[in-house]
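Let's take a walk through this structure together. Have a look at the picture first, and then we'll go through it piece by piece.

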Amino acid sequence: MFIRLRSRSNRVLYGAPPPYTGIGRPRVHGDKFKFNDPTTWCNPNQILEVNDPKMGRLRQRLWWNGTKKRENR
């Protein structure tokens, strides 16, 4: 089953935090994943490409396990 969602282009997600090193406060968030900055993207788990007669070539990148929504505090 696939669920396709739309989100704001300036949304930021965070990966899992690295393991605690024992010094200072443990990190709450991991690396940033900015929707509008491809340099922050890791390699996608899957890429779907389709040729549409009206829109041309469409590419969809899929990521899972490793990004989570930032918690409101």
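Before we start hunting, one term needs pinning down: a salt bridge is a side-chain nitrogen of Lys or Arg within 4 Å of a carboxyl oxygen of Asp or Glu. Keep in mind, too, that what you're looking at is a predicted model. With that rule in hand, how many salt bridges does the structure hold? There are two.

We'll come back to those, but let's get the overall layout first. The chain has five strands and zero helices, so to speak a plain β-β-β-β-β when you read along the sequence. Of its 73 residues, 8% are buried. The accessible surface adds up to about 6900 Å², and carbon and sulfur atoms own 50% of that. As for how the chain touches itself, take the contacts with a separation of 6 or more: 31% of them are between residues 24 or more positions apart.

Now back to the salt bridges. Which residue does Arg57 pair up with? Its partner is Glu49, and the closest N and O atoms of the two are 3.6 Å apart. Glu49 also forms a salt bridge with Arg59, where the closest N and O atoms are 3.2 Å apart. That second pair links distant parts of the chain, with Glu49 in strand β3 and Arg59 in strand β4, ten residues apart. Put together, Glu49, Arg57 and Arg59 are linked in a network of salt bridges.

Are these three tucked away or out in the open? The cut-offs help here: exposed means over 50% relative accessible area, buried means under 20%, and partly exposed is what lies in between. Arg57 has a relative accessible area of 52%, so it counts as exposed. Glu49, at 46%, is partly exposed, and Arg59 is partly exposed as well, at 41%.

Next, the aromatic rings. A search of the whole structure turns up two aromatic pairs. In one of them, Phe33 and Phe35 sit edge-to-face, 5.9 Å from centre to centre and with 90 degrees between the planes. The other joins Phe33 and Trp41: their ring centres are 6.3 Å apart and their planes are at 15 degrees, so this pair is stacked. Why stacked? Because planes under 30 degrees apart count that way, while those over 60 count as edge-to-face. Phe33, Phe35 and Trp41 make up one aromatic cluster.

Is Phe33 buried or exposed? Phe33 counts as buried, because its relative accessibility is 7%. Phe35, at 29%, counts as partly exposed, and Trp41 is partly exposed too, with a relative accessible area of 25%.

Last stop: the surface. Which residues make the nonpolar surface patch of about 290 Å²? They are Val50, Met55 and Leu58. To find Met55, look in the loop between β3 (46-52) and β4 (56-62). Met55 has a relative accessibility of 62%, so it counts as exposed.

Terms used
Residues are numbered from 1 along each chain as its sequence is written. This is a predicted model: local features need pLDDT of at least 70, side-chain atom pairs count only at pLDDT 80 or more; totals for chains, interfaces and linings use all residues. Side-chain values use heavy atoms; hydrogens and water are left out. Patches are made of residues with over 30% relative accessible area and no salt bridge: like charges are joined within 9 Å, nonpolar side chains (Val, Leu, Ile, Met, Phe, Trp, Tyr) within 5 Å. Accessible areas come from the Shrake-Rupley method with a 1.4 Å probe; for residues, only the protein chains shown count as cover. Helices (H or I, at least four residues) and strands (E, at least two) are DSSP runs, numbered from the N terminus. Buried means under 20% relative accessible area, exposed over 50%, partly exposed in between (1.4 Å probe, protein chains only). Rings of Phe, Tyr and Trp (its six-membered ring) pair if their centres lie within 6.5 Å; planes under 30 degrees apart count as stacked, over 60 as edge-to-face and the rest as tilted. Contact means heavy atoms within 4.5 Å.
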